[in-house]
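Subject: Structure handover

Hello,

Here is the structure I said I would pass on. My notes come after it.

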Amino acid sequence: MDAAVTFQSASADKEYWVIVDGIGTGVGSYQLRIDAEPEVYRVFYPAGFTGPSIREFVSLANPNPFEITYSVILRYETGDRDQTIVSNKTLGAGSRGGVTISDALNGSPVDARIAPYAIEVRAVGGPIAASMGHFDFGSTTGDAFTNVIS
């Protein structure tokens, strides 16, 4: 027998329980199927810029005990607004990764434009940590991404 339940007012802040009650002492076999969109986690860095003397690298870390999938998007201040430079890449449980946006005289391996941009990292499956390393004119700066939009 199939049973279907629909929650019209389901919320991420609520817990739902499924109780399987068998006949007599046996429960038998059953399957539980949940049709829901996975949560998307987003972190941001507001001030990226690339050029012939700049090196920029985004470090990523997956603090979860399971793999996640992530994308990295540059959001330009002028011109064509969005450029996805990494799309749906997997980052293993407890592992680190990253993407080079600009490599000074070697250019940009992801074809970033010479223009101001913000960086968004989207992760599906669990939270992601990100930080920016910026090397320019003999100076080094680094800062963590935030999940707060100003």
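The notes below cover the nonpolar core, one glutamine and a pocket.

This is a predicted model: local features need pLDDT of at least 70, side-chain atom pairs count only at pLDDT 80 or more, and totals for chains, interfaces and linings use all residues. Residues are numbered from 1 along each chain as its sequence is written, and side-chain values use heavy atoms, without hydrogens or water.

Core. The largest nonpolar core (buried Ala, Val, Leu, Ile, Met, Phe, Trp, Tyr and Cys residues joined through side-chain atoms within 4.5 Å; buried is under 20% relative accessible area with a 1.4 Å probe, protein chains only) has 25 residues. Val58, Ile101, Ile119, Ile128 and Phe145 have the most contacts inside this core. Its largest share, five residues, comes from S3, a strand (a DSSP run of E, at least two residues, numbered from the N terminus). Leaving out residues up to four places away in sequence, Ile128 touches (heavy atoms within 4.5 Å) nine residues listed by name, among them Val43, Leu60, Tyr70 and Val121.

Gln83. This residue lies in strand S4 and is buried, at 18% relative accessible area. Its side chain makes a polar contact of 2.5 Å with that of Tyr76 (N or O atoms within 3.5 Å, one able to donate a hydrogen and the other to accept it; residues adjacent in sequence count only if both atoms are side-chain atoms). The Gln83 side chain also reaches the backbone oxygen of Asp111 at 3.2 Å.

Pocket. The second largest pocket (on a 1 Å grid over the protein atoms alone, an open set of points where a 1.4 Å probe fits, with protein on both sides within 12 Å along at least five of seven lines; lining residues have an atom within 4 Å of a point) is lined by residues including Phe44, Arg75 and Glu120.

Terms used
Buried means under 20% relative accessible area, exposed over 50%, partly exposed in between (1.4 Å probe, protein chains only). Helices (H or I, at least four residues) and strands (E, at least two) are DSSP runs, numbered from the N terminus.
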